[in-house]
Amino acid sequence: MAVEFIGIDPETDRDHCPTVWADADAQEILLQGWKPDTETRTGCEASSPANGSLPDSEAIVRMPARMIPMIREACDAVERARLR
């Protein structure tokens, strides 16, 4: 797996660090973020077209809007690799 670090929250305290990576080989982006509170998670599950609650193998993470450019960059990195 060739994971490429894309960026970290510019307002990080280095203890709670939303982070973005790209894995071009797997054609995936990886996100580290904050866990939502129970009310938010329940709202996400209720509004999803998926069947049932979130499985243990998946997670909902919160990412600050200031990281949108990094998420776009990760998407671009994966897409560029796919086009090679």
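**Notebook: strands, core and surface**

I began with strand S2, which is mostly covered, as 4 of its 5 residues are buried. I note at the outset that the model is predicted.

**Entry 1. Partners of S2**

I looked up the strands that pair with S2. On one side I recorded S1, which pairs with S2 in the antiparallel sense over 5 bridges. I then recorded S3, which runs antiparallel to S2 and is joined to S2 by 5 bridges.

I next asked which residues stand opposite Trp21. In S3, Leu30 stands opposite Trp21. In S1, Phe5 stands opposite Trp21 of S2. I also noted the pair Asp23 and Glu28, the latter in S3.

I checked the connection between S2 and S3. The two strands form a hairpin with 4 residues between them. Within the turn, Gln27 has a positive phi of about 60°.

**Entry 2. Nonpolar core**

Which residues make up the largest nonpolar core? I listed 8 residues: Ile6, Val20, Ala22, Met67, Met70, Ala74, Ala77 and Val78. At least two residues of this core come from S2, and at least two from helix H2 (68-83). H2 supplies the largest share, 4 residues.

I then took Ile6 from this core and looked up what it touches, leaving aside residues up to four places away in sequence. Ile6 touches Val20, Trp21 and Ala22, and further Met70, Glu73 and Ala74.

**Entry 3. Nonpolar surface patch**

I turned to the surface and found a nonpolar patch formed by Ile29, Leu31 and Val61. Together these residues have about 190 Å² of accessible area. I located Ile29 in strand S3, residues 28-32.

Why does Ile29 count as partly exposed? Its relative accessibility is 32%, so Ile29 lies between the 20% limit for buried and the 50% limit for exposed.

**Entry 4. Glu11**

Where is Glu11 found? I placed Glu11 in the loop between strand S1 (3-8) and strand S2 (19-23). Glu11 counts as exposed because its relative accessibility is 58%, and the cut-off for exposed is over 50%.

I also looked up the separation of Glu11 from Ala46. The two residues are 35 residues apart in sequence. In space, they are 31 Å apart, taken from C-alpha to C-alpha.

Terms used
Residues numbered from 1 in each chain as written. Predicted model: local features only at pLDDT ≥ 70, side-chain atom pairs only at ≥ 80, totals over all residues. Heavy atoms only, no water. Buried < 20%, exposed > 50% of the residue type's maximum accessible area, 1.4 Å probe, protein only. Patch = residues over 30% accessible without salt bridge, like charges linked within 9 Å, V, L, I, M, F, W, Y side chains within 5 Å. Areas by Shrake-Rupley, 256 points an atom, 1.4 Å probe, with all protein chains shown as cover. Salt bridge = Lys/Arg side-chain N within 4 Å of Asp/Glu carboxyl O. Core = buried A, V, L, I, M, F, W, Y, C linked by side-chain atoms within 4.5 Å. Contact = heavy atoms within 4.5 Å. Pairing = 2+ DSSP bridges.
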